[in-house]
Amino acid sequence: MSLNFELLLMNKNIIYAEMGNPWQFPSFYEVASCKILFMDLHNFGKEGPLCGKLFINEVQIMTPHHDGFGGPIIISDNYIYLPLYHMIINNRSNYSRTYVAEIEISKKSYRIIGKRVEYAVVFLDSMVNDTLYYYNYSRKDDKWLRRINIHSVNRPWSWSERFFHFYHELLFFFRDLF
């Protein structure tokens, strides 16, 4: 058992993600006086995670420059945490962008927390105090476990982070060839 997982087990303020995975999760949640509904779910990219329109108490959360929200979700007090997907289509190629979003239920508005996620999958796991834990892979494997502070502000990647991401993309590309 990893150290991160043991720390999670010892802490009493753990909020776990709702059931499911990024490819199969409930399209309707009802918590207290809040009804959360996903509509028009579709795969993000080829065989990617599901994303679509999000409605809270029958009011759509507008995402004009993004493809939609995904699941599973984490509900904490007056906030919902979930993946937000964005596909940029150019003449040469397509670029996928994945973010973690925080939605304030009472205001029905969202904000992006932290930096852009390295890969096209956000598999939310749990939240401990102000730290959100998620996986960047289709399975829950400790080497893909990431964390983000919910109070962090969205900022662009630095050059070293871009290089590191490009390096890993090349490794995955060549690994899949052989």
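The following dialogue reads several features of a predicted model.

Biologist: Where should one begin with the interior: which residues have the most contacts inside the largest nonpolar core?

Modeller: The general idea is that in soluble globular proteins, nonpolar side chains tend to be buried together. In this predicted model, the largest nonpolar core has 20 residues, and Phe 69 and Ile 80 have the most contacts inside it. Strand 3 (34-43), strand 4 (50-56), strand 8 (79-89) and strand 9 (94-104) are the elements that give two or more residues to this core. Another core, of 13 residues, lies apart from it and includes Val 100, Val 117, Leu 124 and Met 127.

Biologist: Is Met 127 buried or exposed, and in which strand is Met 127 found?

Modeller: Met 127 belongs to strand 11 (residues 123-128). Its relative accessibility is 3%, so Met 127 counts as buried. In sequence, Met 127 and Arg 147 are 20 residues apart, while their C-alpha atoms are 9.1 Å apart in space.

Biologist: I should like to turn to strand pairing. Which residue in strand 8 is the bridge partner of Phe 69?

Modeller: The bridge partner is Leu 84. It belongs to the pairing of strand 6 (residues 68-69) with strand 8, which is antiparallel and extends over two bridges. Strand 7 (residues 74-76) also runs antiparallel to strand 8, and three bridges join them. In that pairing, Ile 74 has Tyr 81 of strand 8 as its bridge partner.

Biologist: How many residues stand between strand 7 and strand 8 in their hairpin?

Modeller: There are two residues between these strands, and Asp 77 takes a positive phi near 55° there. Asp 77 is a residue other than glycine, placed in the loop between strand 7 and strand 8. With a relative accessible area of 77%, Asp 77 is exposed.

Biologist: Which other hairpin has a residue with a positive phi in the turn?

Modeller: Strand 2 and strand 3 form a hairpin with two residues between them, and Ala 32 in the turn has a positive phi of about 50°. The pairing of strand 2 (residues 28-31) with strand 3 is antiparallel and has four bridges. Within it, Glu 30 stands opposite Lys 35 of strand 3.

Biologist: Where is Glu 58 placed, and what is its phi?

Modeller: Glu 58 is in the loop between strand 4 and strand 5 (59-60). Its phi is positive, about 70°, although Glu 58 is not a glycine. Glu 58 is exposed, with a relative accessible area of 77%.

Biologist: Which residues does a cis peptide bond join?

Modeller: The cis bond joins Gly 71 and Pro 72, with omega of about -5°. Pro 72 lies in the loop between strand 6 and strand 7.

Biologist: How should charged side chains be read, and how many salt bridges does the structure hold?

Modeller: Side chains of opposite charge can pair when their charged atoms come close. The structure holds three salt bridges. One of them joins Asp 40 and Lys 53, at 3.2 Å from N to O. This pair links distant parts of the chain, with Asp 40 in strand 3 and Lys 53 in strand 4, 13 residues apart. Asp 40 is partly exposed at 49% relative accessibility, and Lys 53 is partly exposed at 39%.

Biologist: Which residue meets Arg 111 in a salt bridge?

Modeller: Arg 111 meets Glu 102, at 2.8 Å from N to O. Arg 111 is partly exposed, at 29% relative accessibility, whereas Glu 102 is buried, at 10%.

Biologist: Why does the pair of Asp 125 and Lys 140 tie together parts that are 15 residues apart in sequence?

Modeller: Their side chains meet in a salt bridge of 3.0 Å, N to O. Asp 125 lies in strand 11 and Lys 140 in the loop between strand 12 (131-135) and strand 13 (145-149), so the pair ties together those parts. Asp 125 counts as buried at 10% relative accessibility, and Lys 140 as partly exposed at 48%.

Biologist: What of the cysteines: how many disulfides does the count come to?

Modeller: A disulfide requires a pair of cysteine sulfur atoms within 2.5 Å, and by this rule the count is zero. Cys 34 is buried at 6% relative accessible area, and Cys 51 is buried at 0%.

Biologist: Finally, which residues make the nonpolar surface patch of about 510 Å²?

Modeller: The patch is made by Phe 166, Leu 170, Phe 173, Phe 174 and Leu 177. Leu 177 lies in helix 2 (residues 159-177).

Conventions:
Residues are numbered from 1 along each chain as its sequence is written. This is a predicted model: local features need pLDDT of at least 70, side-chain atom pairs count only at pLDDT 80 or more; totals for chains, interfaces and linings use all residues. Side-chain values use heavy atoms; hydrogens and water are left out. A nonpolar core is a set of buried Ala, Val, Leu, Ile, Met, Phe, Trp, Tyr and Cys residues joined through side-chain atoms within 4.5 Å. Buried means under 20% relative accessible area, exposed over 50%, partly exposed in between (1.4 Å probe, protein chains only). Two strands pair if DSSP finds at least two bridges between them. Patches are made of residues with over 30% relative accessible area and no salt bridge: like charges are joined within 9 Å, nonpolar side chains (Val, Leu, Ile, Met, Phe, Trp, Tyr) within 5 Å. Accessible areas come from the Shrake-Rupley method with a 1.4 Å probe; for residues, only the protein chains shown count as cover. A salt bridge is a side-chain nitrogen of Lys or Arg within 4 Å of a carboxyl oxygen of Asp or Glu.
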